[in-house]
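Biologist: I am new to this structure and would like a close look at a single part, the packing inside the protein, with the terms explained as you go.

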Amino acid sequence: MPSLSLRKRTALLGCAVLAATAVSGALPANAGAAELRDVMAVGNGQGGTVSFIDTATYRNLGSLNVVPDLQERLDGMNLVERVGYEAVNAAQGYRKLVDDMAVSPDGRTIYISRGALSDAVAFDIASKKMLWRRKTEGFKADHAALSADGRQFIVSATTASKAEVIDTANGNLQTSFATGTYPHANDYSPDGTILYNSSIGITSLPKLLNGLKGSRAVTAVDAKTFKPLRTYDFEYGIRPAVFTRDNKTMYAQLSYLNGFVEYDLAAGKITRTVQMPFSDKAAGMKPDDYPQNSAHHGMAMNADESKLCVAGTIDDYVSIVSRPGLTTDGTVTYATDALPYWTQTSPNGRDCFVSLAEDDQISVVDYRTAKEVARIDVGRFPQRERAAKLTPEAIASLDPAKG
(Lines give C-alpha, C1' and ligand atoms only; values in the text may rest on other atoms or scores of the structure.)
Protein backbone atom coordinates (compact mmCIF):
# COMPACT_ATOMS: atom_id res chain seq x y z
CA MET A 1 0.00 0.00 0.00
CA PRO A 2 2.88 2.51 0.48
CA SER A 3 3.29 2.75 -3.30
CA LEU A 4 -0.39 3.62 -3.68
CA SER A 5 -0.01 6.39 -1.13
CA LEU A 6 2.99 7.66 -3.04
CA ARG A 7 0.99 7.76 -6.26
CA LYS A 8 -1.76 9.64 -4.50
CA ARG A 9 0.69 12.14 -3.08
CA THR A 10 2.31 12.57 -6.48
CA ALA A 11 -1.07 13.11 -8.15
CA LEU A 12 -2.08 15.65 -5.53
CA LEU A 13 1.24 17.45 -5.91
CA GLY A 14 0.77 17.53 -9.68
CA CYS A 15 -2.71 19.00 -9.32
CA ALA A 16 -1.40 21.64 -6.94
CA VAL A 17 1.37 22.63 -9.37
CA LEU A 18 -1.11 22.76 -12.26
CA ALA A 19 -3.49 24.96 -10.25
CA ALA A 20 -0.68 27.24 -9.13
CA THR A 21 0.69 27.77 -12.60
CA ALA A 22 -2.81 28.40 -13.93
CA VAL A 23 -3.35 31.09 -11.29
CA SER A 24 0.08 32.63 -11.86
CA GLY A 25 -0.49 32.78 -15.61
CA ALA A 26 2.33 30.37 -16.52
CA LEU A 27 -0.31 27.94 -17.82
CA PRO A 28 -3.76 29.16 -18.92
CA ALA A 29 -6.66 27.67 -17.01
CA ASN A 30 -8.17 26.64 -20.35
CA ALA A 31 -4.93 25.22 -21.72
CA GLY A 32 -5.50 23.45 -25.02
CA ALA A 33 -8.71 25.34 -25.81
CA ALA A 34 -8.60 28.32 -28.19
CA GLU A 35 -10.05 31.57 -26.88
CA LEU A 36 -12.90 32.50 -29.20
CA ARG A 37 -13.88 36.14 -29.65
CA ASP A 38 -17.45 37.35 -30.25
CA VAL A 39 -17.76 39.15 -33.57
CA MET A 40 -20.38 40.33 -36.00
CA ALA A 41 -19.73 39.08 -39.53
CA VAL A 42 -20.90 41.63 -42.11
CA GLY A 43 -21.42 40.61 -45.73
CA ASN A 44 -20.39 43.43 -48.05
CA GLY A 45 -22.64 42.49 -50.95
CA GLN A 46 -21.11 44.49 -53.76
CA GLY A 47 -17.58 44.48 -52.40
CA GLY A 48 -17.28 40.70 -52.23
CA THR A 49 -15.81 40.77 -48.73
CA VAL A 50 -16.88 39.93 -45.19
CA SER A 51 -15.94 42.36 -42.41
CA PHE A 52 -15.62 41.23 -38.80
CA ILE A 53 -16.52 43.63 -35.99
CA ASP A 54 -15.48 43.05 -32.39
CA THR A 55 -18.83 43.28 -30.60
CA ALA A 56 -17.21 44.41 -27.32
CA THR A 57 -15.09 47.26 -28.70
CA TYR A 58 -17.02 47.99 -31.94
CA ARG A 59 -13.71 47.83 -33.82
CA ASN A 60 -13.50 46.54 -37.38
CA LEU A 61 -10.97 43.71 -37.04
CA GLY A 62 -10.50 43.39 -40.79
CA SER A 63 -12.03 41.58 -43.69
CA LEU A 64 -11.83 38.47 -45.83
CA ASN A 65 -12.10 38.41 -49.62
CA VAL A 66 -14.67 35.71 -50.38
CA VAL A 67 -14.56 36.01 -54.18
CA PRO A 68 -10.87 35.41 -54.92
CA ASP A 69 -12.00 33.21 -57.81
CA LEU A 70 -14.36 35.79 -59.30
CA GLN A 71 -12.79 35.99 -62.75
CA GLU A 72 -12.40 32.23 -62.86
CA ARG A 73 -16.10 31.81 -62.07
CA LEU A 74 -17.13 34.28 -64.75
CA ASP A 75 -14.84 32.72 -67.34
CA GLY A 76 -16.20 29.26 -66.51
CA MET A 77 -19.87 30.12 -67.05
CA ASN A 78 -21.61 28.64 -70.07
CA LEU A 79 -23.93 30.79 -72.18
CA VAL A 80 -27.07 29.97 -70.17
CA GLU A 81 -25.32 30.66 -66.86
CA ARG A 82 -23.91 33.95 -68.12
CA VAL A 83 -27.32 35.10 -69.38
CA GLY A 84 -28.82 34.18 -66.00
CA TYR A 85 -26.04 36.01 -64.18
CA GLU A 86 -26.59 39.20 -66.19
CA ALA A 87 -30.38 38.94 -65.78
CA VAL A 88 -30.10 38.64 -61.98
CA ASN A 89 -27.77 41.65 -61.86
CA ALA A 90 -30.16 43.69 -64.00
CA ALA A 91 -33.18 42.76 -61.85
CA GLN A 92 -31.27 43.49 -58.63
CA GLY A 93 -29.91 46.76 -59.95
CA TYR A 94 -26.37 45.83 -58.93
CA ARG A 95 -24.10 42.80 -58.62
CA LYS A 96 -24.42 41.09 -55.24
CA LEU A 97 -21.41 38.87 -54.67
CA VAL A 98 -22.08 38.14 -51.00
CA ASP A 99 -25.62 37.37 -49.97
CA ASP A 100 -25.33 35.55 -46.66
CA MET A 101 -22.76 33.83 -44.47
CA ALA A 102 -22.20 31.86 -41.27
CA VAL A 103 -19.13 30.91 -39.25
CA SER A 104 -18.62 27.40 -37.89
CA PRO A 105 -19.07 26.92 -34.12
CA ASP A 106 -15.31 26.36 -33.70
CA GLY A 107 -14.59 29.78 -35.24
CA ARG A 108 -12.39 28.45 -38.06
CA THR A 109 -14.55 28.16 -41.18
CA ILE A 110 -16.89 30.53 -42.96
CA TYR A 111 -19.66 29.49 -45.32
CA ILE A 112 -20.94 31.94 -47.93
CA SER A 113 -23.88 32.07 -50.30
CA ARG A 114 -22.57 34.12 -53.20
CA GLY A 115 -25.64 35.79 -54.67
CA ALA A 116 -25.31 36.35 -58.39
CA LEU A 117 -22.55 33.72 -58.69
CA SER A 118 -25.24 31.23 -57.65
CA ASP A 119 -23.02 29.10 -55.46
CA ALA A 120 -22.08 28.31 -51.89
CA VAL A 121 -18.47 28.13 -50.75
CA ALA A 122 -16.47 27.40 -47.62
CA PHE A 123 -13.18 29.02 -46.59
CA ASP A 124 -10.72 28.24 -43.86
CA ILE A 125 -10.47 31.77 -42.48
CA ALA A 126 -6.90 31.67 -41.17
CA SER A 127 -5.36 30.26 -44.36
CA LYS A 128 -7.91 31.89 -46.72
CA LYS A 129 -8.10 28.53 -48.51
CA MET A 130 -11.33 27.64 -50.29
CA LEU A 131 -12.38 24.24 -48.94
CA TRP A 132 -15.22 23.55 -51.35
CA ARG A 133 -17.63 25.18 -53.76
CA ARG A 134 -21.10 24.02 -54.71
CA LYS A 135 -23.15 25.42 -57.57
CA THR A 136 -26.71 26.01 -56.38
CA GLU A 137 -29.61 25.26 -58.70
CA GLY A 138 -30.85 28.15 -60.80
CA PHE A 139 -29.35 31.61 -61.08
CA LYS A 140 -29.21 33.08 -57.58
CA ALA A 141 -28.09 31.92 -54.12
CA ASP A 142 -29.95 33.83 -51.44
CA HIS A 143 -30.32 33.86 -47.65
CA ALA A 144 -28.75 31.03 -45.70
CA ALA A 145 -28.68 29.46 -42.24
CA LEU A 146 -26.26 27.19 -40.39
CA SER A 147 -27.47 24.40 -38.14
CA ALA A 148 -26.52 24.73 -34.46
CA ASP A 149 -24.04 21.84 -34.74
CA GLY A 150 -22.44 23.43 -37.81
CA ARG A 151 -23.02 20.39 -40.01
CA GLN A 152 -25.58 21.77 -42.46
CA PHE A 153 -25.67 25.02 -44.44
CA ILE A 154 -29.12 25.76 -45.87
CA VAL A 155 -29.25 28.07 -48.89
CA SER A 156 -32.26 29.39 -50.80
CA ALA A 157 -31.96 28.65 -54.52
CA THR A 158 -34.07 31.61 -55.58
CA THR A 159 -35.11 30.86 -59.14
CA ALA A 160 -35.48 27.11 -58.45
CA SER A 161 -38.06 27.66 -55.68
CA LYS A 162 -36.30 25.36 -53.27
CA ALA A 163 -33.86 25.41 -50.38
CA GLU A 164 -30.74 23.25 -50.55
CA VAL A 165 -29.24 21.51 -47.53
CA ILE A 166 -25.46 21.34 -47.94
CA ASP A 167 -23.07 19.15 -45.95
CA THR A 168 -20.50 21.56 -44.50
CA ALA A 169 -17.85 18.84 -44.36
CA ASN A 170 -17.56 18.50 -48.14
CA GLY A 171 -20.09 20.77 -49.89
CA ASN A 172 -22.24 17.87 -51.05
CA LEU A 173 -25.99 18.24 -51.36
CA GLN A 174 -27.74 16.27 -48.63
CA THR A 175 -31.29 17.09 -49.62
CA SER A 176 -33.56 19.94 -50.66
CA PHE A 177 -37.13 20.96 -50.00
CA ALA A 178 -39.77 22.87 -51.95
CA THR A 179 -40.55 26.45 -51.00
CA GLY A 180 -42.71 29.28 -52.23
CA THR A 181 -41.72 31.38 -55.24
CA TYR A 182 -38.35 33.10 -54.87
CA PRO A 183 -37.34 31.68 -51.48
CA HIS A 184 -35.58 34.26 -49.37
CA ALA A 185 -34.85 33.88 -45.65
CA ASN A 186 -34.01 30.67 -43.78
CA ASP A 187 -34.54 30.95 -40.03
CA TYR A 188 -34.23 28.29 -37.35
CA SER A 189 -36.70 28.48 -34.48
CA PRO A 190 -34.93 29.46 -31.23
CA ASP A 191 -35.12 25.86 -29.98
CA GLY A 192 -33.70 24.55 -33.26
CA THR A 193 -36.58 22.17 -33.99
CA ILE A 194 -38.12 24.00 -36.95
CA LEU A 195 -36.64 25.66 -40.01
CA TYR A 196 -38.72 28.44 -41.54
CA ASN A 197 -38.22 29.42 -45.18
CA SER A 198 -39.83 32.65 -46.37
CA SER A 199 -40.58 33.42 -50.01
CA ILE A 200 -41.01 36.85 -51.57
CA GLY A 201 -42.48 36.14 -55.01
CA ILE A 202 -41.17 37.49 -58.29
CA THR A 203 -39.85 40.89 -57.27
CA SER A 204 -39.36 42.16 -60.83
CA LEU A 205 -43.12 42.30 -61.39
CA PRO A 206 -44.91 45.53 -60.36
CA LYS A 207 -47.23 45.67 -57.37
CA LEU A 208 -50.20 45.89 -59.76
CA LEU A 209 -49.40 42.30 -60.81
CA ASN A 210 -48.96 41.02 -57.25
CA GLY A 211 -51.27 38.09 -57.99
CA LEU A 212 -48.83 36.86 -60.64
CA LYS A 213 -45.77 36.94 -58.40
CA GLY A 214 -46.26 33.31 -57.35
CA SER A 215 -46.52 31.77 -53.91
CA ARG A 216 -45.64 34.11 -51.03
CA ALA A 217 -45.36 31.76 -48.08
CA VAL A 218 -43.52 30.72 -44.96
CA THR A 219 -42.67 27.04 -45.29
CA ALA A 220 -42.03 25.30 -41.96
CA VAL A 221 -40.04 22.07 -42.09
CA ASP A 222 -38.66 19.68 -39.50
CA ALA A 223 -35.10 20.83 -38.78
CA LYS A 224 -33.75 17.26 -38.75
CA THR A 225 -35.64 15.58 -41.58
CA PHE A 226 -36.57 18.68 -43.63
CA LYS A 227 -40.03 17.20 -44.13
CA PRO A 228 -42.82 19.79 -44.42
CA LEU A 229 -44.76 20.62 -41.26
CA ARG A 230 -46.95 23.55 -42.33
CA THR A 231 -47.23 26.28 -44.93
CA TYR A 232 -48.40 29.80 -44.08
CA ASP A 233 -49.68 31.76 -47.08
CA PHE A 234 -49.45 35.55 -47.34
CA GLU A 235 -50.77 38.18 -49.73
CA TYR A 236 -47.35 39.81 -50.01
CA GLY A 237 -43.76 38.63 -49.84
CA ILE A 238 -42.25 37.88 -46.44
CA ARG A 239 -39.20 39.93 -45.65
CA PRO A 240 -37.02 39.60 -42.50
CA ALA A 241 -38.77 37.89 -39.59
CA VAL A 242 -38.06 36.81 -36.00
CA PHE A 243 -39.63 33.99 -34.00
CA THR A 244 -40.29 33.77 -30.26
CA ARG A 245 -38.85 30.97 -28.13
CA ASP A 246 -42.25 29.39 -27.51
CA ASN A 247 -42.73 28.90 -31.28
CA LYS A 248 -46.05 30.75 -31.06
CA THR A 249 -45.36 34.16 -32.58
CA MET A 250 -43.59 35.57 -35.62
CA TYR A 251 -42.88 39.23 -36.26
CA ALA A 252 -42.34 39.88 -39.94
CA GLN A 253 -41.95 42.64 -42.47
CA LEU A 254 -43.91 42.26 -45.69
CA SER A 255 -43.36 43.59 -49.19
CA TYR A 256 -44.64 47.17 -49.56
CA LEU A 257 -45.55 47.48 -45.84
CA ASN A 258 -44.08 50.47 -44.01
CA GLY A 259 -44.03 48.55 -40.75
CA PHE A 260 -44.47 44.94 -39.66
CA VAL A 261 -46.99 42.33 -38.58
CA GLU A 262 -47.44 40.12 -35.55
CA TYR A 263 -48.41 36.61 -36.64
CA ASP A 264 -49.95 33.78 -34.61
CA LEU A 265 -48.19 30.62 -35.81
CA ALA A 266 -50.73 28.29 -34.19
CA ALA A 267 -53.80 30.02 -35.60
CA GLY A 268 -52.09 30.90 -38.87
CA LYS A 269 -53.21 34.53 -38.97
CA ILE A 270 -52.01 38.10 -38.56
CA THR A 271 -53.02 39.38 -35.14
CA ARG A 272 -51.66 42.93 -35.36
CA THR A 273 -50.29 45.20 -38.07
CA VAL A 274 -48.00 48.03 -36.99
CA GLN A 275 -47.75 50.97 -39.38
CA MET A 276 -44.49 52.87 -38.95
CA PRO A 277 -44.23 56.56 -39.96
CA PHE A 278 -43.11 57.56 -43.44
CA SER A 279 -40.22 59.94 -43.87
CA ASP A 280 -40.77 62.87 -46.22
CA LYS A 281 -38.69 61.11 -48.87
CA ALA A 282 -40.49 57.78 -48.52
CA ALA A 283 -43.93 59.39 -48.56
CA GLY A 284 -43.21 60.58 -52.08
CA MET A 285 -42.05 57.21 -53.38
CA LYS A 286 -44.11 54.79 -55.44
CA PRO A 287 -44.25 51.15 -54.24
CA ASP A 288 -42.54 50.00 -57.42
CA ASP A 289 -39.56 52.17 -56.46
CA TYR A 290 -39.01 50.31 -53.19
CA PRO A 291 -35.78 48.25 -53.23
CA GLN A 292 -36.77 44.72 -54.21
CA ASN A 293 -40.38 45.51 -53.14
CA SER A 294 -39.28 46.08 -49.53
CA ALA A 295 -40.26 49.25 -47.71
CA HIS A 296 -38.80 47.97 -44.44
CA HIS A 297 -36.09 45.30 -44.45
CA GLY A 298 -34.45 44.48 -41.13
CA MET A 299 -35.97 42.81 -38.07
CA ALA A 300 -34.19 41.65 -34.91
CA MET A 301 -35.14 40.90 -31.30
CA ASN A 302 -33.14 41.31 -28.10
CA ALA A 303 -32.12 38.44 -25.83
CA ASP A 304 -35.08 38.56 -23.43
CA GLU A 305 -37.57 39.08 -26.29
CA SER A 306 -38.78 42.35 -24.80
CA LYS A 307 -37.78 44.58 -27.74
CA LEU A 308 -37.63 44.57 -31.52
CA CYS A 309 -35.15 46.42 -33.72
CA VAL A 310 -36.92 47.45 -36.92
CA ALA A 311 -35.19 48.95 -39.96
CA GLY A 312 -37.14 51.56 -41.91
CA THR A 313 -35.29 51.00 -45.17
CA ILE A 314 -36.91 53.60 -47.42
CA ASP A 315 -37.36 55.92 -44.43
CA ASP A 316 -33.68 55.94 -43.37
CA TYR A 317 -34.24 55.11 -39.72
CA VAL A 318 -34.25 52.27 -37.23
CA SER A 319 -36.75 52.03 -34.38
CA ILE A 320 -36.68 50.13 -31.10
CA VAL A 321 -40.14 48.74 -30.38
CA SER A 322 -41.23 47.24 -27.04
CA ARG A 323 -43.23 44.06 -26.60
CA PRO A 324 -45.94 43.21 -25.87
CA GLY A 325 -47.48 46.61 -26.54
CA LEU A 326 -45.53 47.16 -29.77
CA THR A 327 -44.92 50.78 -28.86
CA THR A 328 -41.91 52.69 -30.19
CA ASP A 329 -39.27 53.48 -27.54
CA GLY A 330 -37.15 55.64 -29.80
CA THR A 331 -35.85 56.09 -33.33
CA VAL A 332 -32.38 56.70 -34.76
CA THR A 333 -32.56 58.70 -37.98
CA TYR A 334 -29.85 58.45 -40.64
CA ALA A 335 -28.84 60.58 -43.60
CA THR A 336 -31.17 60.47 -46.60
CA ASP A 337 -30.55 57.39 -48.77
CA ALA A 338 -28.35 55.67 -46.16
CA LEU A 339 -30.53 52.60 -46.82
CA PRO A 340 -30.69 50.72 -43.48
CA TYR A 341 -31.10 47.25 -44.97
CA TRP A 342 -30.63 44.69 -42.18
CA THR A 343 -30.57 44.40 -38.39
CA GLN A 344 -28.98 41.80 -36.14
CA THR A 345 -28.74 41.40 -32.38
CA SER A 346 -25.23 41.31 -30.90
CA PRO A 347 -24.06 38.24 -28.97
CA ASN A 348 -24.40 40.36 -25.82
CA GLY A 349 -28.13 40.56 -26.49
CA ARG A 350 -28.17 44.31 -25.78
CA ASP A 351 -27.03 45.91 -29.05
CA CYS A 352 -28.65 46.00 -32.46
CA PHE A 353 -26.29 46.18 -35.44
CA VAL A 354 -27.81 48.03 -38.42
CA SER A 355 -26.42 47.85 -41.96
CA LEU A 356 -26.35 51.22 -43.72
CA ALA A 357 -25.91 49.80 -47.19
CA GLU A 358 -25.34 52.95 -49.21
CA ASP A 359 -23.08 54.54 -46.58
CA ASP A 360 -20.83 51.45 -46.26
CA GLN A 361 -21.24 51.60 -42.48
CA ILE A 362 -22.68 49.71 -39.54
CA SER A 363 -24.67 51.60 -36.92
CA VAL A 364 -24.87 50.08 -33.43
CA VAL A 365 -28.00 50.92 -31.44
CA ASP A 366 -28.53 50.19 -27.73
CA TYR A 367 -31.83 48.36 -27.17
CA ARG A 368 -32.18 49.90 -23.69
CA THR A 369 -31.77 53.56 -24.66
CA ALA A 370 -32.77 53.39 -28.35
CA LYS A 371 -29.68 55.50 -29.11
CA GLU A 372 -26.75 54.96 -31.43
CA VAL A 373 -23.57 54.02 -29.56
CA ALA A 374 -21.17 53.41 -32.47
CA ARG A 375 -20.68 53.87 -36.20
CA ILE A 376 -18.22 51.58 -38.02
CA ASP A 377 -16.84 51.71 -41.56
CA VAL A 378 -17.00 48.44 -43.49
CA GLY A 379 -16.90 47.38 -47.15
CA ARG A 380 -19.11 48.24 -50.10
CA PHE A 381 -22.85 47.74 -49.57
CA PRO A 382 -23.12 45.90 -46.26
CA GLN A 383 -26.35 44.02 -45.78
CA ARG A 384 -26.53 40.63 -44.09
CA GLU A 385 -24.98 40.42 -40.59
CA ARG A 386 -24.47 37.26 -38.53
CA ALA A 387 -23.19 36.88 -34.99
CA ALA A 388 -20.18 34.54 -34.77
CA LYS A 389 -17.04 33.59 -32.86
CA LEU A 390 -13.50 33.57 -34.28
CA THR A 391 -10.25 31.93 -33.21
CA PRO A 392 -7.15 34.10 -32.58
CA GLU A 393 -5.59 32.61 -35.74
CA ALA A 394 -8.61 33.60 -37.82
CA ILE A 395 -8.55 37.15 -36.43
CA ALA A 396 -4.81 37.52 -37.03
CA SER A 397 -5.26 36.59 -40.70
CA LEU A 398 -7.81 39.32 -41.51
CA ASP A 399 -7.02 42.11 -43.94
CA PRO A 400 -6.83 45.25 -41.76
CA ALA A 401 -8.19 47.42 -44.58
CA LYS A 402 -11.60 48.93 -43.81
CA GLY A 403 -13.37 46.65 -46.30
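Modeller: A good place to begin is Val-50, which, leaving aside its neighbours within four places in sequence, is in contact (heavy atoms within 4.5 Å) with Ala-41, Val-42, Gly-43, Asn-44, Gly-62, Ser-63, Leu-64, Val-66, Val-98, Met-101, Ile-110 and Ile-112. Please keep in mind that this is a predicted model, in which local features need pLDDT of at least 70 and side-chain atom pairs count only at pLDDT 80 or more, while totals for chains, interfaces and linings use all residues. Residues are numbered from 1 along each chain as its sequence is written, and side-chain values use heavy atoms, with hydrogens and water left out.

Val-50 belongs to the largest nonpolar core, a set of 20 residues in which Val-50, Phe-52, Ile-110, Ile-112 and Leu-390 have the most contacts. Such a core is made of buried Ala, Val, Leu, Ile, Met, Phe, Trp, Tyr and Cys residues joined through side-chain atoms within 4.5 Å, where buried means under 20% relative accessible area, against over 50% for exposed and in between for partly exposed, with a 1.4 Å probe and protein chains only. The elements that give two or more residues to this core include strand S1 (37-44), strand S2 (49-54), strand S5 (109-113), strand S28 (382-390) and helix H5 (392-396); helices (H or I, at least four residues) and strands (E, at least two) are DSSP runs, numbered from the N terminus. A second, separate core has 16 residues, among them Phe-234, Ile-238, Ala-241 and Leu-257.

Away from these cores, Ser-319 offers a polar example of inner packing: this residue of strand S22 (residues 317-322) is buried, with a relative accessible area of 2%. Its side chain makes a polar contact, at 2.8 Å, with the side chain of Thr-331; the term stands for a pair of N or O atoms within 3.5 Å, of which, within protein, one must be able to donate a hydrogen and the other to accept it, residues adjacent in sequence counting only if both atoms are side-chain atoms. Not counting residues up to four places away in sequence, Ser-319 also touches Met-276, Leu-308, Cys-309, Val-310, Thr-328 and Gly-330, among others.
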